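This briefing is intended for a first-year student who is reading a protein structure from the inside outwards. Please keep the sequence and the model side by side while working through the points.

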Amino acid sequence: MLTKRIIACLDCNAGRVVKGVRFEDLRDAGDPARLAKLHADNGADEIVLLDITATHEGRKTLVDTVRRTARELFVPFTVGGGIRSLDDASALFDAGCDKITINSAAVADPAVISAIANRFGSQAVVLAIDAKRRNTDTGDAQLETEVYVSGGRKPTGLDAIEWAKEVESRGAGEIMLTSMDRDGTRSGFDCQLTAAIAGSVSIPVIASGGAGSVEHFAEVFREGRADAALAASIFHFGIESIGELKQQLQATGIPMRWPL
């Protein structure tokens with residue numbers, strides 16, 4: 001098994017980190033630069049900052065927040081929210097991020113994936129997929145999912161698995177898959193959905209939505225075939241220490257990136 005990554009996510013609104021349940025009922029969690037440094041110092045392999053209301057409000061990502069956060073970090077830093085064009089992505093790379101993540105803009109115009117990948121490399125393009133189940137069956141029935149955009153507000157009619165295949169063909173270097181049904185619930189990742197996406201593409205898949213315990217991470221790495229797992233509230237509110245999480249996962253035989 002290849003080494004696995006633990007990623008801390010900062011969902012930002014108006015320059016502050018917030019966290020909700022199923023993309024709703026947001027509550028304040030703190031300053032992004034401070035939290036990013038805290039999580040990196042505690043062992044996070046990467047940091048993701050998402051300006052979760054930028055697309056819905058029709059504005060660009062808060063570049064000053066990105067620049068201030070980037071100055072605190074020595075681990076890979078991914079930024080998303082409100083990125084609609086190659087120029088938008090360029091501004092964020094200039095502000096200090098290592099990767100960008102796009103969702104709504106890619107659905108509206110898939111060519112933007114290739115444009116950014118051709119300019120900055122596929123490794124710099126993370127395609128975010130916010131997916132919700134159409135059916136709740138977790139057995140052998142056909143998994144039916146739908147991609148949502150605009151911060152989880154708008155259904156697209158796209159099937160998540162088919163969309164994952166397309167974005168890979170267009171140059172995305174990684175997929176960040178969020179289960180909207182599990183987001184903020186701490187009930188565990190959607191391993192069936194994650195495994196379905198991971199099995200349909202050859203690029204890395206980051207699992208997001210539902211982290212609540214060490215066992216949940218172990219399950220999504222083993223059963224969900226995820227390359228990385230992302231969490232927010234359990235790290236922000238001190239429910240789980242990243243360093244201790246990595247040590248416990250390593251002890252169960254799941255290889256983690258160092259330092260632990």
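C191 counts as buried, because its relative accessibility is 12% and the cut-off for a buried residue is under 20%. The model in which C191 is seen is a predicted one. C97 is likewise buried, with a relative accessible area of 6%. A search of the whole structure nevertheless finds zero disulfides. For orientation, a disulfide is a covalent bond between the sulfur atoms of two cysteines.

**The chain as a whole**

- The chain contains eleven helices and twelve strands.
- It has 260 residues, of which 57% count as buried.
- When contacts between residues at least 6 apart in sequence are considered, 65% of them join residues at least 24 apart.

**D190 and its surroundings**

- D190 lies in the loop between β10 (174-179) and α8 (191-198).
- Is D190 buried or exposed? D190 counts as buried because its relative accessibility is 4%, which falls under the 20% limit.
- The side chain of D190 reaches two backbone nitrogens: that of Q192 at 3.4 Å and that of L193 at 3.0 Å.
- Apart from residues up to four places away in sequence, D190 touches R133, S179, R182 and G209.

**Helix α4**

- Helix α4 covers residues 86-95, and D88, A89, S90, L92, F93 and A95 within it are buried.
- An α-helix has 3.6 residues a turn, so residues three or four places apart point the same way.
- Which elements do the buried residues of α4 pack against? They pack against α3 (63-70), β5 (77-80), β6 (99-102) and α6 (111-120).
- G96 follows α4 and has a positive phi, near 120°.

**The nonpolar cores**

- The largest nonpolar core comprises 71 residues, and I129, I175, F217, F221 and L249 touch the most other members.
- A second core, separate from that one, has eleven residues, including V126, A128, I206 and A228.
- With neighbours within four places in sequence left aside, the contacts of F221 include K4, R5 and I6. Others among them are A226, D227, A228 and A229, as well as L249, I254 and M256.

**Strand β12 and its partners**

- Strand β12 (residues 228-231) is covered on both faces. A228 and L230 are buried on one side, and A229 and A231 are buried on the other.
- In a regular strand the side chains alternate between the two faces of the sheet.
- Strand β1 (residues 5-13) runs parallel to β12 and is joined to it by four bridges. A8 stands opposite A231 of β12.
- Strand β11 (residues 205-208) also pairs with β12 in the parallel sense, over three bridges. I206 has A228 in β12 as its bridge partner.
- What kind of unit do β11, helix α9 (residues 214-222) and β12 make? Together they make a right-handed β-α-β unit.

**Strand β8 and its partners**

- Strand β8 (residues 145-149) is mostly covered, with five of its five residues buried.
- T145, V147 and V149 point one way from β8, whereas E146 and Y148 point the other way.
- Strand β7 (residues 125-133) runs antiparallel to β8, and four bridges join the two. A131 has V147 in β8 as its bridge partner.
- β8 and β9 are also antiparallel, joined by two bridges. The bridge partner of Y148 in β9 is P155.
- β8 and β9 form a hairpin with four residues between them. In the turn, S150 has a positive phi of about 55°.

**G157, after the hairpin strands**

- G157 is placed in the loop between β9 (154-155) and α7 (160-169).
- G157 and T145 are twelve residues apart along the chain, and their C-alpha atoms are separated by 9.0 Å.
- Leaving out residues up to four places away in sequence, G157 touches R134, E146 and V147. Of these contacts, E146 and V147 belong to the residues of β8 described above as buried.

Notes: Residues numbered from 1 in each chain as written. Predicted model: local features only at pLDDT ≥ 70, side-chain atom pairs only at ≥ 80, totals over all residues. Heavy atoms only, no water. Buried < 20%, exposed > 50% of the residue type's maximum accessible area, 1.4 Å probe, protein only. Polar contact = N/O pair within 3.5 Å; in protein donor to acceptor, adjacent residues only side chain to side chain. Contact = heavy atoms within 4.5 Å. Disulfide = S-S within 2.5 Å. Core = buried A, V, L, I, M, F, W, Y, C linked by side-chain atoms within 4.5 Å. Pairing = 2+ DSSP bridges. Right-handed = clockwise from strand over helix to strand, strands pointing away.
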